[in-house]
Each structure stands twice: as C-alpha cells, then as structure tokens.
Amino acid sequence: MEERSQGRVARLELSNPKKLNALSPSLIVALHARAKALVDDSDLRAVILTGAGARAFAAGADIDTLAKLDEETARGFITSLHQAIDAVRRIPVPVIAMLRGYCFGGAMELAAACDMRIADTTLQAGMPEVRLGIPSVIEACLLPRLVGWGKASELLLTGDSIGAEDALRIGFVQKLCAPGDLDAETEKWVGSILAAGPRAIRAQKRIMRGWEDMPEADAIATSIAEFAAIHATPEPAEFIRPVLERKKG
Ligand code: COA
C-alpha cells in the first residue's frame, strides 16, 4: 500500500514463484482476502494488480490442483476462483492489471475483470483450458465483451495463445510498452486517476458496472441519480473552479 498526498494506491501481487504465479488454492484465498479488505477503504484511489517476478502475471490455474479434482471438489475450486476474481471486480476504485510474461486461463480472466490492462512486450496470453480437457468458465464470460465474440471464440475454442501486439490489437490490453517502461507507463494512468475527482471516479466506475449489468433504460436512470448525487458534494465545484479560472485567465 502506498500513501500518496491524494490518497492510497494499493498494489496486489500474485506470487507463487515456483509455478509462474499459478493460481493455487492458497494464492486464491490470499487474493480474495486482500481484495475484500480494500472495499471499505475510503482513502483508496487506485489498485495495481500484477504478478511477482519478470516471467509471468500468472500461468493460470494450478495444474497440480486441477489434476486432483473430482466433480465435488471441481465445483468448490472454481467457485473459490470466481469469488476471488469477483472480489477484485467489486473494488470500488479503478483496478489496473499490469501484465508481463505469461497470462493464461484464470489469469486472463482475472485481468479481464480489472478496469484496464497495460502490458509490456513479453506478454503471452491465452485460454488453454480446452487443451486440458476442460472448458473455460466463470469470468471467461467477460472476454466476448472485451475482445468481441469472434476473437473470444478463437481464443477459447483453439486454446492458441497470442503475443503482446495481438493483445493490443484486439483490445485485451489498452497500452503496450517496452519491458523497462511498465512501471512508469502504469504510473501515468495512476497519475491521471489521482488528478481527477475521487468521488467522480468512484461514481464513474459504479455507473459503468450498471452499463454492464442493467438494461439501457435502468443504466441511464441510475446514472442520472449518480449525477444528481455528486452535486450534493463539494467535488464538482472544487474541480470546475480551476478550469473556470484558467478560462478567465
Ligand atoms: N500450474 C502449475 N504449475 C505450473 C503452471 C500451472 N498453471 N504453469 C507453469 N507451472 C510450473 C511448471 O510446471 C514448472 O515447474 P517445474 O519447474 O517444477 O517443472 C514451472 O512452473 C516453470 O514452468 P515451465 O513450463 O518450465 O516454463 P516455460 O517457460 O517452459 O513454459 C508455460 C511456461 C506457461 C508455457 C508452461 O509452463 C505451461 O504451459 N503451463 C501451463 C499453462 C496452462 O495451461 N494454464 C492454464 C491452466 S487452466
């Protein structure tokens, strides 16, 4: 956790060094707990989610765990992975996935559940589950809206992986940079978020979640309520004043 003058920026790191940060049961529990703990932090402004080390964001679900599953334990394992990813998705401030190296299966779903993704050129992403004889489930359902049905079908039905340039081209990542620049480029996004209105950013994220889950008419009605509500706070006046002063000056 980093304390900045404008509020807190949390860094969540997936770490399972012997297995390229594979999502093991203990890593999943730890991620869930960290994400849940951030929900009530009113000074939190942004979250960076990344993998430990230079080789991987995460190489997907832990294959040693997958190999031992039966019908009952399969349900439990995949539910716990969904709950951890969902806890990340419910963090009320922007969550940036900072990706390098391998990003497969559940890790690609976790990245898709973040608000935006930046990668360096070492990124290799894919959904290889069908090659392990299992379908891609849970937050794989976010991929079609992120990259379109055609590309999502190609990824899920072939299990082929894509490199960083393709990940950028299809819109899985929004920004690509050289390996040495990843932290600095991510920091530019964090800087923009910190410069904006904290209540406005949280409202914007809530509104966008509404766009995903609600019929258009409900999403619009909710956003009108949000627009009115933020005017009950000093934030709009505070952020508009310097703009007006610049205009006058
Ligand atoms: N689960 C468990 N262990 C994993 C893993 C995973 N998803 N991905 C990698 N590892 C382990 C490897 O078994 C290896 O362990 P070892 O050193 O004890 O043999 C270690 O991490 C390093 O991996 P390695 O395969 O040697 O690295 P690589 O650079 O040659 O290949 C991958 C990397 C990611 C291409 C390859 O490990 C791979 O295909 N992993 C499985 C990816 C996958 O199918 N994930 C989706 C699961 S749904």
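# Briefing: salt bridges, sheets and helices

Glu185 and Lys188 form a salt bridge in which the closest N and O atoms are 2.9 Å apart. The model discussed here is a predicted one. In total, the structure contains 19 salt bridges. Its strands include an open sheet of six and an open sheet of four.

**Salt bridge within helix α8**

- Glu185 and Lys188 both belong to helix α8, which covers residues 182-195; because they are three residues apart there, about one helical turn separates them.
- An α-helix has 3.6 residues a turn, so residues three or four places apart point the same way.
- Side chains of opposite charge can pair when their charged atoms come close.
- Glu185 has a relative accessible area of 18% and is therefore buried, the cut-off for this class being under 20%.

**Salt bridges between helices**

- Arg199 pairs with Glu235 in a salt bridge whose closest N and O atoms are 3.7 Å apart.
- This pair connects distant parts of the chain, with Arg199 in helix α9 (residues 198-213) and Glu235 in helix α11 (residues 235-248), 36 residues apart.
- Arg199 is partly exposed at a relative accessible area of 41%, whereas Glu235 is buried at 4% relative accessibility.
- Arg206 forms a salt bridge with Glu226, and here the closest N and O atoms are 2.6 Å apart.
- Because Arg206 lies in helix α9 and Glu226 in helix α10 (residues 216-230), this salt bridge ties together parts that are 20 residues apart in sequence.
- Arg206 is partly exposed, with a relative accessible area of 48%, while Glu226 is buried at 15% relative accessibility.

**Salt-bridge network and helix α3**

- A network of salt bridges links Arg89, Asp115, Arg145, Lys205, Arg209 and Glu212.
- Arg89, a member of this network, is also among the buried residues of α3.
- The buried residues of α3 are Phe77, Leu81, Ala84, Ile85, Asp86, Ala87, Val88 and Arg89.
- Helix α3 comprises 19 residues (71-89), for which a rise of 1.5 Å a residue predicts a span of 27 Å; the end C-alpha atoms are 27 Å apart, in agreement with that expectation.
- At the start of α3, a side-chain oxygen of Asp70 comes to within 3.0 Å of the backbone nitrogen of Glu72.

**Six-stranded sheet**

- The strand order of this open sheet is β1-β2-β3-β5-β7-β10, and its pairing is mixed.
- Strands β1 (2-4) and β10 (175-177) stand at the edges; each has a single partner strand, so one side of each is left without a neighbour in the sheet.
- On average, neighbouring strands of this sheet are turned by 20° against each other, direction ignored.
- Strand β7 (residues 116-120) runs parallel to β10, and three bridges join the two.
- Ile118 stands opposite Lys175, a residue of β10.
- Helix α1 (residues 25-38) packs on the sheet and touches β2 (7-14) and β3 (44-51); the direction of α1 makes about 170° with that of β2.

**Four-stranded sheet**

- This open sheet has the strand order β4-β6-β8-β9, with mixed pairing.
- Its edge strands are β4 (56-58) and β9 (161-163), each of which pairs on one side only.
- Neighbouring strands of the four-stranded sheet are turned by 20° against each other on average, direction ignored.
- Strand β6 (residues 102-104) pairs with β8 in the parallel sense over three bridges.
- Tyr102 has Gln124, in β8, as its bridge partner.

**Loop residues with positive phi**

- Leu20 has a positive phi of about 50° although it is not a glycine.
- Leu20 is located in the loop between β2 and α1, and with a relative accessible area of 25% Leu20 is partly exposed.
- Ile138, likewise a residue other than glycine, has a positive phi near 35°.
- Ile138 is placed in the loop between β8 (124-126) and α5 (143-147), and at 22% relative accessibility Ile138 counts as partly exposed.

Technical notes:
Residues numbered from 1 in each chain as written. Predicted model: local features only at pLDDT ≥ 70, side-chain atom pairs only at ≥ 80, totals over all residues. Heavy atoms only, no water. Salt bridge = Lys/Arg side-chain N within 4 Å of Asp/Glu carboxyl O. Buried < 20%, exposed > 50% of the residue type's maximum accessible area, 1.4 Å probe, protein only. Expected span 1.5 Å × (residues − 1). Polar contact = N/O pair within 3.5 Å; in protein donor to acceptor, adjacent residues only side chain to side chain. Pairing = 2+ DSSP bridges. Axes fitted to C-alpha atoms, helices over the stretch in contact; angles between N-to-C directions. Contact = heavy atoms within 4.5 Å.
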